[in-house]
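Could you walk me through this model, starting from the strands and working out to the side-chain pairs? I'd like to see how the pieces fit together.

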Amino acid sequence: MAFCMVALHKRQDLIDACVTLLNSEWSRSQSARLHSLEKSNDGLPYSLVMIETNNSQEEKVAGYCRLAKVVNQPKAVFIESVVVPTDRRGQGLGRRLMDLAEDHARCRGYTEVYLTTKDKQGFYEHLGYRYCKPVNTFNAQVLETCSCVFLTNTIVSENVPTPPAKSTDTIRSVKAESNLNDKCTSQASQVILESPSTDEELSCCTRTESKNSCESNDCEPASTPSALPPPPPPPPPPPPTTVPNVTVYWMMKDLYDKQ
């Protein structure tokens, strides 16, 4: 078996295999993953793929990592998204992947490598990495690979539930009352406008008012509608979700420090 490291943008035929490998560890949509991988180019950030070639000269992806820029440190590089196939772990592929990635960084003129981990610090200590302070990176994907915020030991803020929408039954009740008030106001205005202007006509109208009110329904006061049942109470808001406190360990290695 032979292993080599290549830049992904120079082997576009390996993108689908890299998508499958990355999503086995950090699940994302196919389109989002492709969009991220297609950004690889000669400048930082870019993706590295470890290819395994068997005796029959058949190739397959045996590992992946990504290099990103460290702000204000031109001789340093940030390595992330280090992953090997799940069924091949424990066979030394992780160490081989890191060795090839460090060799690639040396060839590009970098002298220091930084990385973050939340549970593999023992593995990186065996490779010569030591704990360090956080550094600023550019276009890195720390949020994805560490499942937490950029700073160490920070809790993601709680989701604020949105207020429930107003019940449709309540809206219908308000509209019915509004229509009833409009009707009564209109009828009252009509009576005032058509009222007689003399005392004699007013007296005549008063004597016939009771008779007309019984024979015609035009001036009947609107009957009070039956009370609508109260709307059901809104469902309780979902409980807030929080992410447990996760510590991110920052580590670095001097590529020219003799162990």
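Start with strand β5, residues 112–117: 5 of its 6 residues are buried, so the strand is largely enclosed by the rest of the structure. Keep in mind as you look around that this is a predicted model.

What does β5 pair with? One partner is β4, which runs parallel to β5 over 3 bridges. If you want a spot to click on, take A76, whose bridge partner in β5 is E112. Another partner is β8, and here the pairing is antiparallel, over 6 bridges. On that side, T117 has Y249 of β8 as its bridge partner. Now add a helix to the picture: β4, α3 and β5 together make a right-handed β-α-β unit.

E112 deserves a closer look. It sits in strand β5, and with a relative accessible area of 24% it is partly exposed. Which residues does E112 touch, once you leave aside its neighbours within four places in sequence? The contacts are Q73, K75, A76, V77, M252, K253 and L255. A76 turns up there again, the residue that E112 bridges to. You can also look from E112 towards E102: the two are 10 residues apart along the chain, and their C-alpha atoms are separated by 9.1 Å.

E102 brings us to the charged pairs. As a general point, side chains of opposite charge can pair when their charged atoms come close. The structure holds 8 salt bridges, and one of them joins the side chains of E102 and K253, with N to O at 3.1 Å. E102 lies in helix α3 (residues 93–107) and K253 in strand β8 (residues 249–254), so this pair ties together parts that are 151 residues apart in sequence. Are these two buried or exposed? Both E102 and K253 are buried. K253 is also one of the contacts of E112.

Stay on helix α3 for another salt bridge, this time between D103 and R106, whose closest N and O atoms are 2.7 Å apart. The two residues are 3 places apart in the helix, so about one helical turn separates them. An α-helix has 3.6 residues a turn, so residues three or four places apart point the same way. As for accessibility, D103 is partly exposed at 38%, and R106 is partly exposed too, at 26%.

Next, go back towards the start of the chain. Here the side chains of R11 and D13 meet in a salt bridge, at 2.9 Å from N to O. D13 counts as exposed, with 55% relative accessibility, whereas R11 is partly exposed at 22%. This pair doesn't stand alone: R11, D13 and E59 are linked in a network of salt bridges.

E59 also leads to T53, a residue of strand β2 (residues 46–53). Leaving aside neighbours within four places in sequence, T53 is in contact with M1, A2, E58 and E59. T53 is buried, with a relative accessible area of 15%.

From β2 it's an easy step to helix α1 (residues 15–25), where I15, C18, V19, L21, L22 and N23 are buried. What covers them? The cover includes α2 (30–37), β2, β3 (59–70) and β4 (76–83). So strand β4 shows up twice in this tour, because it helps cover the buried residues of α1 and pairs with β5, the strand that is so largely enclosed.

Finish with the rings. The count comes to 4 aromatic pairs. In one of them, F123 and Y124 have ring centres 5.0 Å apart and planes at 70 degrees, so the pair is edge-to-face. In another, Y124 and Y129 have ring centres 5.8 Å apart and planes at 75 degrees, so that pair is edge-to-face as well. Together, F123, Y124 and Y129 form one aromatic cluster. How accessible are its members? F123 is partly exposed, with a relative accessible area of 32%, whereas Y124 is buried at 8% and Y129 is buried at 4%.

Terms used
Residues are numbered from 1 along each chain as its sequence is written. This is a predicted model: local features need pLDDT of at least 70, side-chain atom pairs count only at pLDDT 80 or more; totals for chains, interfaces and linings use all residues. Side-chain values use heavy atoms; hydrogens and water are left out. A salt bridge is a side-chain nitrogen of Lys or Arg within 4 Å of a carboxyl oxygen of Asp or Glu. Buried means under 20% relative accessible area, exposed over 50%, partly exposed in between (1.4 Å probe, protein chains only). Helices (H or I, at least four residues) and strands (E, at least two) are DSSP runs, numbered from the N terminus. Contact means heavy atoms within 4.5 Å. Rings of Phe, Tyr and Trp (its six-membered ring) pair if their centres lie within 6.5 Å; planes under 30 degrees apart count as stacked, over 60 as edge-to-face and the rest as tilted. Two strands pair if DSSP finds at least two bridges between them. A crossover is right-handed if, with the strands pointing away from the viewer, the path from the first strand over the helix to the second runs clockwise.
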